[in-house]
Amino acid sequence: MSYHGYVHCNCYQTGKVADPPCKEFFRFDVGGMYLKIPSELYESDRERAFAMEREFTAWLDHSCEHHGMVICNEWLFDSSGCDLFYTCLGEKGREKNFPVLHKYLPRVNDGILPASMAKAALQELAALEKECTVRERVILAEKETGEQIASTLSGIPLFLMQANHHCFFLDADGVMVVPSENWYEPKKEILFCSRHFIQGQNFPGKHPFTDVKTGRSIQCTNNLYPLRGIPETDHELIVYLEPDYDPGHVAILALKRLAEASLTTGNPIHWG
Ligand SMILES: [Zn+2]
């Protein structure tokens, strides 16, 4: 089982869209926006009932810029992630610190968090987020295309490649080129290190790596990019850091986006 939440836009309530077809059967409640067609109508005029369903779906999907009149739709966690999240929330003494989250977060795939609780939920989520430890992920990418070549967690140098005389590693300082005999101890002697450099293409088996800022360069026999094959031109490579969120943190960020949408629209968060 997986859990997600969504918030309807307020285009209908604010009069930005026409009334729904078959308005007498239109409902907007804990079940979201839907048409409640009486079962007698399905029995007496099946075709008409199905036509009403189609008209309503078309209204929902195409009346405004928000598909299905949903302004925010977020996947939260699967069953095991849900258990972990509640274990974290349920640690001793925390229930009184996060009363809104305790009361309104989904335990089954239905129900709502009322819009009136969105602000308090946001405050609790901000407090919960402060407790999360965020690691950093180091990413090596080709600048022009953004294609990621390799990534590692900050503080753990990643072995990239062995060349004739050199080894390549990636860590938060950048791509490091070290003597191949030092592969087991990459920081012992660093011949080249850069977070922004040009991988040159002279001819196969001869690649100068040049730091963009300092102009420092080293000649290597192997290329880092493309991963397979020989480059046909120079490539600009960059190393950057971004937060590495654990699944609990990802759920908190998604819940924050839902609560913000609820606060903005005045509509509840529906769990589904
Ligand atoms: Zn809308």
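1. Contact between domains 1 and 2. In this predicted model, 11 residues of domain 1 are in contact with 16 residues of domain 2. On the domain 1 side of this contact, E1 supplies the largest share, six residues. By residue class, that side of domain 1 has six nonpolar residues, five polar and no charged. The C-alpha centres of the two domains, domain 1 and domain 2, are 27 Å apart.

2. Domain layout. The protein chain is split into three parts: domain 1 covers 2-71, domain 2 covers 77-133 + 246-271, and domain 3 covers 135-244. Domain 2 is thus given as two segments, 77-133 and 246-271.

3. Helix H6. This helix runs over residues 247-265, 19 residues in total. From its first C-alpha to its last, H6 reaches 27 Å, close to the 27 Å expected at 1.5 Å a residue. Its buried residues are Ala251, Ile252, Leu255, Leu258, Ala259, Ala261, Ser262 and Thr265. What do the buried residues of H6 pack against? Their partners are three strands and two helices by name, plus E1: strand E4, strand E5 (112-113) and strand E16 (269-271), with helix H3 (79-89) and helix H5 (118-130). Gly266, just after H6, has a positive phi of about 80 degrees.4. Backbone outliers for review. Most residues other than glycine have a negative phi, and most peptide bonds are trans. The residues below are worth a look on that basis.

5. Cys22. This residue is not a glycine, yet its phi is positive, about 55 degrees. Cys22 sits in the loop that joins strand E1 (2-8) to strand E2 (26-29). Is Cys22 buried or partly exposed? Cys22 is partly exposed, because 19 other C-beta atoms lie within 10 Å, and 20 or more would be needed for a buried residue.

6. Met69. Here too a residue that is not a glycine has a positive phi, of about 55 degrees. Met69 belongs to the loop between helix H2 (46-62) and strand E4 (70-78). With 25 other C-beta atoms within 10 Å, Met69 is buried.

7. Tyr225 to Pro226. The peptide bond between these residues is cis, and its omega is near 0 degrees. Pro226 is located in the loop between strand E14 (217-220) and strand E15 (235-244).

Notes
Residues numbered from 1 in each chain as written. Predicted model: local features only at pLDDT ≥ 70, side-chain atom pairs only at ≥ 80, totals over all residues. Helix = DSSP H or I, 4+ residues; strand = E, 2+ residues; numbered from the N terminus. Buried ≥ 20, exposed ≤ 12 C-beta atoms within 10 Å, placed from the backbone. Expected span 1.5 Å × (residues − 1). Contact = placed C-beta atoms within 7 Å. Domains from an automatic or database assignment. Nonpolar A, V, L, I, M, F, W, Y, C, P; charged D, E, K, R; others polar.
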